[in-house]
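I opened a fresh page today for a walk through this structure. My plan was to look at charged pairs, empty spaces and a bit of surface.

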Amino acid sequence: MEEVDYHADERSKAEFDVEAMKIVWAGSRHVLEVSDRIARLVASDPAFRKDNRAMLSRKELFKNTLRKAAHAWKRIIELRLSEEEASKLRVYVDEPSFTDLHWGMFVPAIKGQGTEEQQQKWLPLAYKMQIIGCYAQTELGHGSNVQGLETTATFDPQTDEFVIHSPTLTSSKWWPGGLGKVSTHAVVYARLITDGEDHGIHGFIVQLRSLDEHSPLPGITVGDIGMKFGSGAFNTVDNGVLRFDQVRIPRNQMLMQVAQVTREGKYVKSNVPWQLIYGTMVFVRQTIVADSSSALSRAVCIATRYSCVRRQFGSQNGLETQVIDYKTQQSRLFPLLASAYAFRFVGEWLKSLYTDVTQRLQANDFSTLPEAHACTAGLKSITTAATADGIEECRKLCGGHGYLHCSGLPELFAVYIPACTYEGDNIVLLLQVARFLVKTVSQLPSGKKPVGTTAYMGRAEHLLQCHCDVQRAEDWLKPNVILEAFEARATRMSVACAKNLSKFSNPEDGFAELSADLVEAAVAHCQLIVVSKFIEKLQQDIPGKGVKRQLEILCGVYALHLIHKHLGDFLSTGCITPKQGSLANEQLRSLYAQVRPNAIALVDAFNYTDHYLGSILGCYDGNVYPKLYEEAWKDPLNDTVVPDGYHEYIRPLLKQQLRTARL
């Protein structure tokens, strides 16, 4: 196939330095260099081919994932990759695998909840992958309500052991990735019982399978929970079911950093504060927010490139109009492009928040912890929800061809959407945020100053009365105008919820009754965080010709699109007038026109290889149609001209011989 860059004309229109934007997107020149090198290493290795996943049976698909994981580990050792490089390699292999849970959940759980001694015993084995672990928390009957878990860990002082048991069907562990067929060990969460007393949920390291022949140990029933959404997608992972029948483990396999059980069976809380566990939660959710920008940017890259290739209607100079030039396409696509950048920057900020929280925890300073917990919970919720919806919108933006597996979008969607549920159901998380906001509002009269991302509530008196002074469309380009509108909306919605709750004699009844309003108040607060962190990013020194200008345009698109989308909130709370809402929309249309010539360059700045993108519609050179045609003939159905089943079913139908056919 001839090598022609069909996007060359689009790329020549860029009004900024794309290489400089790549550094901004990556976070630093170093990260860009490492990412680029590892992405190309993976793309050039035939062992990491992924375009045939949808054609494989479940067993073949799973075995193929095991092969890739083993090959990835082999390459990590051969090339002596650093931890950072190894982590990037797993990202660019781009296949959900048991290793994600081993490195992402099992290892952090031991690091975060194990004593020094336990870490010294278990981590070297995990780091060398001499044991493979998973995180067994969720059960058939309980997910979000962790305190409702039913698995028990009862201490037996006679033998100095814990007896792990699944007392009911619904206590079966259900969903942990890597559990079904691969993991040798699990961090199992169970109700700790000593001398008949229930001490709540604690973690235990439990060996599940023999390290010799991999068979389940006595008392353990374990398997895979079956096919999941999509073809390929998360079916590469062995999400499992696990039941315990009086399984005994040594006492020292309880994760004991925060609490211990003595030889005599006495439950003792350690000097280490239990809040440390929140540090791990903040870390995991920060990673999820960062992942949302990666997934959304992939979908946006595909939709943007294809929207430039695709032409329909409106002939000019004999050429039909590029789909990206239609305002309806821009008004759906460009806010998603802006969101990808917005989520990138808020994810970047969350990394620094995690560092700050960790340092404070080590110094026994828990003052910012409730706010940090609420902030990461809320951001996890709104970024994953917007990304899941955004990927599907990008599929629709690609028309009929977006539905093809080779567009890359169906699988990207199927792989991504569980993020709306795992590590906290999105609505449950928003209700947690709402509780924190209502508590913050209730403490304002006492003079307690709100901290961190709720600091704006300290100016509640002003924000409840202020009026937006926008008079012209371009006034909406002022960051302080946008910020105050979002702060006023969030404050007024939280205060209104708090007032309405105060009318109930039982606060819990009020919380249940007003939960839909509370969720909307939490969303308003979280959207304010994203907007404010984008604005803060623009206050930094950002080198590169035209780079800062493009980011200012995208920040405007992100914020004004949210005002357009949630206009009811802004109007009903009196933050802006209908006329100002109309001016915001006018300015938004103007910003779309400014994004248009830079659209291809802005997605090029993501620096994705064709292998990682996994999309014919989004290929770098834009040579879509010949590649689509070629891809069609690779389907196994096209191995024969006359299909299997013709003689048994089609021919009798055509010849009206169904009565004599072998059905």
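**Charged pairs**

I began with Arg58, which is partly exposed at a relative accessible area of 21%. A reminder to myself before reading on: this is a predicted model.

Which side chain does Arg58 meet in a salt bridge? I found Asp224 there, with N to O at 3.0 Å. Asp224 is also partly exposed, because its relative accessible area is 24% and the partly exposed class runs from 20% to 50%. I then checked where the two residues sit. Arg58 is in helix α4 (residues 58-78) and Asp224 in strand β7 (residues 220-224), so this pair ties together parts that are 166 residues apart in sequence.

I stayed with helix α4 for the next pair. Lys74 and Glu78 join their side chains in a salt bridge, 3.2 Å from N to O. These two are four residues apart in α4, so about one helical turn separates them. Both turned out to be partly exposed: Lys74 has a relative accessible area of 44%, and Glu78 comes in at 41%.

Next I turned to helix α10. Glu392 forms a salt bridge with Arg395, and their closest N and O atoms are 2.8 Å apart. Both residues lie in α10, three residues apart, which is about one turn of the helix. Glu392 counts as partly exposed at 21% relative accessibility. I also noted a network in which salt bridges with shared partners join Asp5, Arg11, Arg305 and Asp604.

How many salt bridges does the structure hold? I wrote down 41. A note for the margin: side chains of opposite charge can pair when their charged atoms come close.

**A closed space**

I looked for cavities of 30 Å³ or more, and the count came to one. The largest cavity holds about 160 Å³ of space. I listed 14 lining residues, and those nearest the centre are Ala69, Ala72, Arg90, Ser97 and Thr99.

Which helix supplies the largest share of this lining? That is α4, with six residues, the helix I had already met through Lys74 and Glu78. At least two lining residues each come from α4, α5 (83-93) and α6 (98-113). By class, I sorted the lining into seven nonpolar, three polar and four charged residues.

**An open pocket**

I then moved on to the second largest pocket, which has a volume of about 510 Å³. Its lining is made of 24 residues, and Ala385, Ala386, Asp389, Leu562 and Lys565 lie nearest the centre. The elements giving two or more residues are α9 (327-362), α10 (369-397), α12 (426-443), α16 (515-538) and α17 (547-565). Helix α10 gives the most, with seven residues; I had come across α10 earlier as the home of Glu392 and Arg395. My class tally for this lining is 12 nonpolar, eight polar and four charged residues.

**A patch on the surface**

Last, I looked at the outside. Tyr649, Ile650 and Leu654 make a nonpolar surface patch of about 310 Å². Leu654 belongs to helix α23 (residues 646-654).

Is Leu654 buried or exposed? I have it as exposed, because its relative accessibility is 60% and the exposed class starts over 50%.

Terms used:
Residues are numbered from 1 along each chain as its sequence is written. This is a predicted model: local features need pLDDT of at least 70, side-chain atom pairs count only at pLDDT 80 or more; totals for chains, interfaces and linings use all residues. Side-chain values use heavy atoms; hydrogens and water are left out. Patches are made of residues with over 30% relative accessible area and no salt bridge: like charges are joined within 9 Å, nonpolar side chains (Val, Leu, Ile, Met, Phe, Trp, Tyr) within 5 Å. Accessible areas come from the Shrake-Rupley method with a 1.4 Å probe; for residues, only the protein chains shown count as cover. A salt bridge is a side-chain nitrogen of Lys or Arg within 4 Å of a carboxyl oxygen of Asp or Glu. Buried means under 20% relative accessible area, exposed over 50%, partly exposed in between (1.4 Å probe, protein chains only). On a 1 Å grid over the protein atoms alone, a cavity is a set of points where a 1.4 Å probe fits but cannot get out, and a pocket is an open set with protein on both sides within 12 Å along at least five of seven lines; lining residues have an atom within 4 Å of a point. Grid points are joined across faces, edges and corners, and a volume is the space filled by probe spheres set on the points. Ala, Val, Leu, Ile, Met, Phe, Trp, Tyr, Cys and Pro count as nonpolar, Asp, Glu, Lys and Arg as charged, and the others, Gly among them, as polar.
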